[in-house]
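Subject: Structure for your review

Dear colleague,

Please find below the structure I said I would pass on. I should be grateful if you would look through it alongside the notes that come after it.

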Amino acid sequence: MNDKIGPWPHDLVRLGVLFILALGCLVTGGCTFLAMAGQQAVGVPVPPRYVGLKKQSVAIVVYANQAITFMYPQAAQEVSSFVSNEMQSKIPSIRLLPYADVLAWQRHTPGWQALPVKSIGRHFGVNRVLYLELVHYRTHAPGARHLMQGRIEANIFVYNTRMPGSGLVFSTHLNTLFPQSGPEPVFDSDNNVVRMRTLELFSRDLTRMFYTWRTYGNHPHE
């Protein structure tokens, strides 16, 4: 009788150990899941690449070469407008010079492109100049007028007008495409829609270089 009952305690101990191990796995997995869910809820902060625009007076100066202005004479104005609106929205402490003042000065100053950028900033009495040199600005895929894909590509520079020398404190490159998946047939898209969406994405990605924003997995949002 006792020989038949004896093994049970050992079996119970073995089952108890297995249960504890399984419970530990569930708890660990649950914690990981909760951590991931919490991370997706609050987002992951992405730090700025340059922080020196906050609480500063800033002039946005856009340069577009003749090839661009021939096809899109409004390019500099559109980029200036969209970037100004996005920056004022996301960096409230920034003090932007009205972009219309810069555009008017460019129109009435022949050869302004040859001037040192820092001197342009001093002319307007600002602490920083955000200088955008447009490399590409278009709404159609190259060599395919029946396919649409917006592209704004620019070299980006920030100048501190209070520093000695050139005053260059930040530089990078930005290339924005819309749609990112590739060109679309003209009958599926509208030229103005493509241009506006490309301007929105370019302005968003540019402004994100200068403040902390949050990304939510594969869906980056503010």
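The notes below cover confidence, one helix, one buried residue and the cavity.

Please bear in mind that this is a predicted model. The chain has a mean pLDDT of 85, with 77% of its residues at 70 or more. Over residues 1-8 the pLDDT is below 50, and this stretch makes zero contacts in the model beyond near neighbours in sequence. Residues 31-38 also stay under 50 in pLDDT, and the model gives them zero contacts beyond four places in sequence.

Helix α6 spans residues 117-124, and its buried residues are Val-117, Lys-118, Ile-120, Gly-121 and Phe-124. Viewed down the axis of α6, these buried residues fall within an arc of 155°, so they line one face of the helix. Arg-122 and His-123, on the other side of α6, are exposed. The cover over the buried residues of α6 includes β2 (57-64), α5 (99-107), β4 and β5. After α6 comes Gly-125, which has a positive phi, near 70°.

A second point of interest is Ile-68, which lies in helix α3 (residues 66-71). Ile-68 has a relative accessibility of 5%; because buried means under 20%, Ile-68 counts as buried. Leaving aside residues up to four places away in sequence, Ile-68 touches Pro-73, Ala-75, Leu-134, Val-135, His-136 and Tyr-137. Of these contacts, the one with His-136 links positions 68 residues apart in sequence, and the C-alpha atoms of Ile-68 and His-136 are 7.2 Å apart in space.

Finally, there is the matter of internal space. The structure holds one cavity of 30 Å³ or more, and the volume of the largest cavity is about 40 Å³. Its lining is made up of Tyr-137, Arg-138, Thr-139, Gly-150, Ile-152, Val-194, Arg-195 and Thr-198. At least two lining residues come from each of β4 (128-141), β5 (144-160) and α7 (191-207). Sorted by class, the lining has three nonpolar, three polar and two charged residues.

Two elements recur in these notes: β4 and β5 are among those covering the buried residues of α6, and both supply residues to the lining of the largest cavity. Tyr-137 likewise appears twice, as a contact of Ile-68 and as a lining residue of the largest cavity.

With kind regards

Definitions and conventions: Residues numbered from 1 in each chain as written. Predicted model: local features only at pLDDT ≥ 70, side-chain atom pairs only at ≥ 80, totals over all residues. Heavy atoms only, no water. 1 Å grid on protein atoms, 1.4 Å probe; cavity = no way out; pocket = protein on both sides within 12 Å on 5 of 7 lines; lining within 4 Å. Points joined across faces, edges and corners; volume = space filled by probe spheres on them. Helix = DSSP H or I, 4+ residues; strand = E, 2+ residues; numbered from the N terminus. Nonpolar A, V, L, I, M, F, W, Y, C, P; charged D, E, K, R; others polar. Buried < 20%, exposed > 50% of the residue type's maximum accessible area, 1.4 Å probe, protein only. Arc of directions from axis to C-beta. Contact = heavy atoms within 4.5 Å. pLDDT = per-residue confidence, 0-100.
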